[in-house]
Amino acid sequence: MNRKTFLKRVAQISVLGLFPALYSWKVEPFWVDFVQRKLPVKNLPKSLDGKIVMQISDLHVGDRFDWNFLIETFQEAKRFKPDFVVYTGDYVNSGTTEEQNALTTVMENCVLGTTATLGILGNHDYGNNWKDFECADQICEILEDRGITMLRNARQEAAGLNFIGFDDLWSPRFQPSEIMKEYDPSKANIVLCHNPDACDLNIWNGYQGWILSGHTHGGQCRIPGIITPVLPVKNKKYISGEIDLEDGRMLYINRAIGHSFQVRFMVRPEITVFTLTQA
């Protein structure tokens with residue numbers, strides 16, 4: 001191999017190595033996947049059969065990526081005309097005043113359900129060390145001012161669909177046992193729970209049905225079946241998508257629309273569009 005051929009090969013290898021880096025930084029983090037799937041719910045009223053529940057999770061508004069893409073994605077999401085919208089936590093990254101102001105701007109364009117819009121908090125919404133009560137309360141105020149009913153260990157029934165919302169697992173206000181004492185298996189129920197690790201706790205009181213979570217971001221970077229290097233849960237099977245908990249509970253983990261850092265590889269950001277069906 002002469003010098004000219006050698007340099008050409010080096011250049012080709014460099015380009016091939018650079019492409020995945022640029023793709024995971026500049027392309028995939030902003031290539032939102034609108035995942036469309038059915039959501040069979042026990043005791044669902046016939047009037048809700050075929051209605052749309054949209055899940056949006058983990059916005060992470062902050063300075064780690066251009067959050068204007070969230071506004072653009074919201075505009076695209078509105079074309080689905082969802083009947084219900086649920087936001088499953090982590091609206092900001094660290095909860096600073098600047099981030100709260102930016103969140104206000106983002107949520108002026110938020111997706112609202114024609115029937116109901118509900119939300120829960122995530123760990124990042126509690127600021128430093130997940131213990132900033134004032135930050136969490138201010139974020140709730142921002143969201144409620146935009147028409148989102150925040151569920152903090154509380155439930156809300158809308159058009160015959162009962163949503164049960166937990167406060168965040170890592171926060172000092174995680175107290176789901178009281179609300180689960182009120183669990184009525186005769187209703188059409190959906191639980192909103194930011195961190196899927198809560199599924200392994202003894203808090204469920206025989207609950208049967210769906211749990212919608214976020215938190216993991218699907219790992220953001222992974223090679224399926226080989227490695228998911230960063231996964232902020234104790235139970236490492238909680239990555240993304242549908243998981244049968246094999247006790248009558250079904251878990252769905254949304255891959256998040258935002259990012260802790262602007263990098264994704266084989267884990268596109270997600271908005272989930274569920275079509276309700278009778279189980």
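Strand β4 (residues 116–120) has five of its five residues buried, so it is largely enclosed by the rest of the structure; buried here means under 20% relative accessible area with a 1.4 Å probe and protein chains only, and strands are DSSP runs of E with at least two residues, whereas helices are runs of H or I with at least four, numbered from the N terminus. This is a predicted model, in which local features need pLDDT of at least 70, side-chain atom pairs count only at pLDDT 80 or more, and totals for chains, interfaces and linings use all residues. Residues are numbered from 1 along each chain as its sequence is written, and side-chain values use heavy atoms, with hydrogens and water left out.

In a regular strand the side chains alternate between the two faces of the sheet. From β4, Ala116, Leu118 and Ile120 point one way, while Thr117 and Gly119 point the other way.

The strand belongs to an open, mixed sheet of six strands in the order β1-β12-β2-β3-β4-β5, where β1 and β5 (149–150) stand at the edges with a single partner strand each, so one side of each is left without a neighbour in the sheet. Two strands pair if DSSP finds at least two bridges between them, and three of the pairings are set out here.

| Strands | Sense and bridges | Citation |
|---|---|---|
| β2 and β12 | antiparallel, four bridges | |
| β3 and β4 | parallel, five bridges | |
| β4 and β5 | parallel, two bridges | |

Within β4, isoleucine 120 is the bridge partner of threonine 88. The chain crosses from β3 through α3 to β4 in a right-handed β-α-β crossover, meaning that, with the strands pointing away from the viewer, the path from the first strand over the helix to the second runs clockwise.

Technical notes. Buried < 20%, exposed > 50% of the residue type's maximum accessible area, 1.4 Å probe, protein only.
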